[in-house]
Amino acid sequence: MQNRIKQLRKQAGLRQEDLAQEMGVTRQTIIAIENNKYNPTLELAMKLARRLDLHVDEIFFLDEEE
């Protein structure tokens, strides 16, 4: 799965630390999500979408190769 978290976070003017704190996770979790090393839980994905004012499928998407 791929995502646009880093791009969207920067557009929103948020640091990784800021987003992590708002989501109740560590900065390392945000880094891992941004680097496609960790797929968030459905709950966290929905919180991120709500915070970024988007639908989950506008943020997360399947890699074309999968």
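1. A contact here means that heavy atoms lie within 4.5 Å. In this predicted model, residues 24 or more positions apart account for 56% of the contacts in the protein chain with a separation of 6 or more.

2. As to the fold, the protein chain has 5 helices and 2 strands, and from the N terminus on these elements run in the order β-α-α-α-α-α-β.

3. On overall dimensions, the radius of gyration of the protein chain is 11 Å, which agrees with the value near 11 Å that a compact globule of 66 residues would have. The C-alpha trace spans about 30 × 20 × 20 Å along its principal axes.

4. Of the 66 residues of the protein chain, 32% count as buried, while the accessible surface comes to about 4,600 Å², with 46% of that area belonging to carbon and sulfur atoms.

5. Helix α3, which covers residues 27–34, has T29, I30, I33 and E34 as its buried residues. These buried residues lie on the same side of α3 because they cover an arc of only 135 degrees around the axis. They pack against both strands, β1 (2–3) and β2 (60–61), and also against the helices α1 (5–11), α2 (16–23) and α4 (42–52).

6. After α3 comes N36, a residue whose phi is positive, near 55 degrees, and whose backbone may be worth viewing alongside the helix.

7. Concerning charge, the protein chain carries 10 positive and 12 negative side chains, and the centres of these two sets are 8 Å apart.

Notes. Residues numbered from 1 in each chain as written. Predicted model: local features only at pLDDT ≥ 70, side-chain atom pairs only at ≥ 80, totals over all residues. Heavy atoms only, no water. Buried < 20%, exposed > 50% of the residue type's maximum accessible area, 1.4 Å probe, protein only. Helix = DSSP H or I, 4+ residues; strand = E, 2+ residues; numbered from the N terminus. Arc of directions from axis to C-beta. Rg over C-alpha atoms; globule rule 2.2 N^0.38 Å. Areas by Shrake-Rupley, 256 points an atom, 1.4 Å probe, with all protein chains shown as cover. Lys, Arg positive; Asp, Glu negative; His and termini not counted. Charge placed at Lys NZ, Arg CZ, Asp CG, Glu CD.
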